[in-house]
Amino acid sequence: MNQYDIVIIGGGPAGLAAADAAREAGNTSILILERDRELGGILNQCIHNGFGLHTFKEELTGPEYAARYSERIMEKHIEYKLHTMVLSVTPDKIITAMSAEDGIYQIQAKAVILAMGCRERPRGALNIPGFRPAGVYSAGTAQRIVNLEGYLPGKEVVILGSGDIGLIMARRMTLEGANVKLVAELLPYSGGLKRNIVQCLDDFGIPLKLKTTVVEIDGKERVKGVVIAQVGDDGKPIESTREYISCDTLLLSVGLIPENELSVSMGVAIEQVTNGPIVNESFETNIEGIFACGNVLHVHDLVDYVSQEASWAGRNAAAYIKKLENHAIETESETQKIQIKPESGVRYTVPKMIRPDRISDHLVLRFRVGDVYRDAWIRVYFDRELILEKRKKVMAPGEMEEILLKKDKLIQNPDLKEIVIRIEQDA
């Protein structure tokens, strides 16, 4: 059985950044396992720009961003395997994988970094009545068909869901000559970034219909049209608002699901809101030596944040290996643990538990809100005492928020048990 210090499952932006950071931290025994034919993950099909402004201080396309990290992997001689599917991981870090070249084999790791990314929610999860005609695609599948395969899925398009992939595909299909008739969104707000609404819909005159959904797909062999309807406050379609829209293609952009089947099977604790692992300040799960980062942890809005968090996970995994080698792993009773509790509009936080002595200088705590807020406060309480507040003009579920927790402030409160994050508005 081959042995490595750190095995990273997933060679997308999270896996590459984690490997790069672990190598920079001094670890030379690293292996990346990637199921696709090349490194880079989903970025290889994201040919639009807007990537890298935080990481590289310049605007790049998805493939360019992926290439920057792939080149680092090559330059640092970090080992990787492509066309490789991981079948299982045990709590004691035995990885079972398979490929056409190597067959089924096992690897013993000292630390594992989960970086499997996420997948799109399929039509089957939506319960839309109708047959299963050709012309119904997830937005990411359509993106791959157009950008990598060179085919146009259809000419008359309706998009259900206003996530970032759906918004970007509205623009992409239009540029390729298709007529995008509308984007329908079940919720009263868009799930995508504001800049994508402006650049991908408003700039091309594509209407966004909020509190609207597809209630029926017409067509047996090929999509002929869809029936849309407005929804009430109870989420149910209003019959009197039904409207038939002729089209030959329906794209679904109805959410992303972290790929955590491996995580669940090995006993990693999962956050119900994000469907991703619960992690501490080191991006370590409840299983010692198992780390998680990227969209397998929680769905991000910017790849730069994926790379940043993955870099922290990579450095922490390398630090864990050094402690193992020096027999310096502390027991849980030897360190202060503070729980992070989201309340009043905060849906979740990453991380969910922190140990102040493991933080270098400060900790970036990221979260999403559950509604649209205007002129509201992000307030942080240490055991119900207000410690920090930040006013925001606008907050929306489609964009992540963050606050900084300074180590010295935490160390000054040795008895602190709970930090509460809330969204509050002036009376």
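In which sense, left-handed or right-handed, does helix 1 pass helix 2? The crossing of these two helices is left-handed, and the legends below, all drawn from a predicted model, begin with that pair.

**View 1. Helix 1 packs against helix 2.** In this predicted model, helix 1, which covers residues 13-24, and helix 2, which covers residues 62-75, pack at an angle of about 40°, and their axes lie 9 Å apart. From helix 1 the contact takes in L16, A17, A19 and D20, which meet A66, Y69, S70, R72 and I73 of helix 2. Sorted by class, the residues where helix 1 touches helix 2 are six nonpolar, one polar and two charged.

**View 2. Helix 3 packs against helix 4.** Helix 3 is formed by residues 139-149, and it packs with helix 4 at an angle of about 35°, the two axes being 9 Å apart. As helix 3 passes helix 4, the crossing is left-handed. On the side of helix 3 the residues to look for are A139, G140, A142, Q143, V146 and N147, and these meet I165, G166, I168, M169, R172 and M173 in helix 4. The residues in this contact of helix 3 with helix 4 divide into seven nonpolar, four polar and one charged.

**View 3. Helix 4 meets helix 5.** The axes of helix 4, residues 164-175, and helix 5, residues 194-201, come within 8 Å of each other and cross at roughly 20°. Because angles under 35 degrees count as roughly parallel, helix 4 is described as roughly parallel to helix 5. The crossing of helix 4 and helix 5 is left-handed. In this contact D164, L167, I168, A170 and R171 belong to helix 4, while N196, I197, Q199, C200 and L201 belong to helix 5. By class, the contact of helix 4 with helix 5 is made up of six nonpolar, two polar and two charged residues.

**View 4. Three strands form an open sheet.** The order of the strands in this sheet is 12-13-14, and their pairing is antiparallel. Strand 12, residues 212-218, and strand 14, residues 243-246, are the edge strands, each of which pairs on one side only. From one strand to the next, the twist averages 30°. Strand 13, which covers residues 225-230, is joined to strand 14 by four bridges, and these two strands run antiparallel. To find one place along this pairing, look for I228, which stands opposite E243 in strand 14.

**View 5. Five strands form an open sheet with mixed pairing.** Here the strands follow the order 22-20-27-24-25. Strand 22, residues 353-354, and strand 25, residues 385-395, stand at the edges with a single partner strand each, so one side of each is left without a neighbour in the sheet. Strand 20, residues 338-342, pairs with strand 22 in the antiparallel sense over two bridges, and within this part of the sheet I338 stands opposite I354 in strand 22.

**View 6. Helix 7 is followed by a residue with a positive phi.** Helix 7 runs over residues 303-325 and has 23 residues. From its first C-alpha to its last, helix 7 reaches 33 Å, close to the 33 Å expected at 1.5 Å a residue. Just after helix 7 comes H327, which takes a positive phi of about 55°.

Technical notes. Residues numbered from 1 in each chain as written. Predicted model: local features only at pLDDT ≥ 70, side-chain atom pairs only at ≥ 80, totals over all residues. Heavy atoms only, no water. Axes fitted to C-alpha atoms, helices over the stretch in contact; angles between N-to-C directions. Parallel < 35°, antiparallel > 145°, perpendicular 65-115°, else oblique. Left-handed = near helix turned anticlockwise from the far one by under 90°. Contact = heavy atoms within 4.5 Å. Nonpolar A, V, L, I, M, F, W, Y, C, P; charged D, E, K, R; others polar. Pairing = 2+ DSSP bridges. Expected span 1.5 Å × (residues − 1).
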